[in-house]
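Please open the structure in a viewer and follow the stops below in order. Each stop gives a selection and then describes what is found there.

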Amino acid sequence: MLRHLCLLLSLLALIATCQAQLPDNVQKLELTVDGVARSGFLYTPSTAKETPAPVIFVWHGHGGTALNAARSFAMYQHMPEAISVYLQGLNTPGQLTDPEGKKPGWQHAAGAQEDRDLKLFDATIAYLKEHYKVDTKRIFSTGHSNGGGFTYLLWQTRPDVLCAVAPSAALSTRLKDTPFKPKPCMHLAGTADPLVKYAWQELAMTKVKEINQCAPEGTPWAKDCTLYPSKVGAPFIAFIQQGGTHKFPPEAPPLIAKFFKEQSAAVK
């Protein structure tokens, strides 16, 4: 019993230490959606109650946590003028791993899990509009793996809410048979991804370029990044790391922020 108590205290101390590594203006967020308690972390710029602020949603991968997403994406550091939201998933069956759903994640399709995560997205936006000034033309979504897949789902189901998206190590089987509105998109992939195979992601990126009516040839945009201009104002950027695995690349956050800032500036 004493040993278990010591382990619990150590775990609580570790959690407290991790939270302490977040900026003071990253606060715990707690909501109730359809009677279910949901939580996460929320960063707000000091002017968010007076000046309309962009919003960035960040979705962790399957088995991940909101805390780790906040620390690894750190949009509060790379785009501090924006509100950034890091929500916590619930236990969900995975498509590639964890079929019994023992780890947290996000719904994979519209209608799955009674749309609990789409409802969470909607409820969070409603909460932000109630407490802050939200720039509704500049709402963004990014996420890794299952979180990237959920970003694609948001593009499919909430296209008029989002300004641009940046899924990482993800794909959407719905791209080939479900209408998607053109949307600025940055897709991050590693050619040696052992989980979400690069060949699968390559097919998804090809479909995105088709949806966005992009030029067949791209131009360099940043290291490992190629920009494909769009006839309809929905550019696509492929961030491809040769030999990259399924791990979220540490070089990604400032590039995601750069992409979002460019799309924010393009909004009229």
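Helices in this tour are DSSP runs of H or I with at least four residues, and they are numbered from the N terminus. The model is a predicted one.

**Stop 1: the largest pocket**

Begin by selecting His62, His144, Ser145, Asn146 and His246, the residues closest to the centre of the largest pocket among the 32 that line it. The volume of this pocket is about 610 Å³. Next, add helix 2 (66-73) and helix 5 (146-157), the elements that give two or more residues to the lining. Which element provides the largest share of the lining of the largest pocket? Helix 2 does, with four residues. Colouring the lining by class shows 20 polar residues, eleven nonpolar residues and one charged residue.

**Stop 2: the second largest pocket**

Move on to the second largest pocket, which has a volume of about 270 Å³. To centre the view, select Leu162, Cys163, Lys183, Pro184 and Gly233; of the 16 lining residues, these are the closest to the centre of the pocket. Then display strand 7 (134-144) and helix 7 (252-266), the elements from which two or more residues of this lining come. By class, the lining of the second largest pocket holds nine nonpolar, four charged and three polar residues.

**Stop 3: helix 4 against helix 5**

Return to helix 5 and show it together with helix 4 (residues 116-131). The axes of the two helices come within 11 Å and cross at roughly 70 degrees. Helix 4 is therefore roughly perpendicular to helix 5, because angles of 65 to 115 degrees count as such. Which residues of helix 4 meet helix 5? On the helix 4 side, select Asp117, Leu118 and Phe121; on the helix 5 side, select Phe150, Leu153, Leu154 and Thr157. The residues of this contact comprise five nonpolar, one polar and one charged.

**Stop 4: a hairpin of two strands**

Finally, select strand 10 (residues 219-222) and strand 11 (residues 225-228). How do these strands run, parallel or antiparallel? They run antiparallel, and three bridges join them. Within the pair, label Thr219 of strand 10, which stands opposite Leu227 in strand 11. Then turn to the connection: the hairpin has two residues between the strands, and Asp224 in this hairpin takes a positive phi near 70 degrees.

Key
Residues are numbered from 1 along each chain as its sequence is written. This is a predicted model: local features need pLDDT of at least 70, side-chain atom pairs count only at pLDDT 80 or more; totals for chains, interfaces and linings use all residues. Side-chain values use heavy atoms; hydrogens and water are left out. Two strands pair if DSSP finds at least two bridges between them. On a 1 Å grid over the protein atoms alone, a cavity is a set of points where a 1.4 Å probe fits but cannot get out, and a pocket is an open set with protein on both sides within 12 Å along at least five of seven lines; lining residues have an atom within 4 Å of a point. Grid points are joined across faces, edges and corners, and a volume is the space filled by probe spheres set on the points. Ala, Val, Leu, Ile, Met, Phe, Trp, Tyr, Cys and Pro count as nonpolar, Asp, Glu, Lys and Arg as charged, and the others, Gly among them, as polar. Axes are lines fitted to C-alpha atoms, for helices over the stretch in contact, and angles run from 0 to 180 degrees between N-to-C directions. Angles under 35 degrees count as roughly parallel, over 145 as roughly antiparallel, 65 to 115 as roughly perpendicular and the rest as oblique. Contact means heavy atoms within 4.5 Å.
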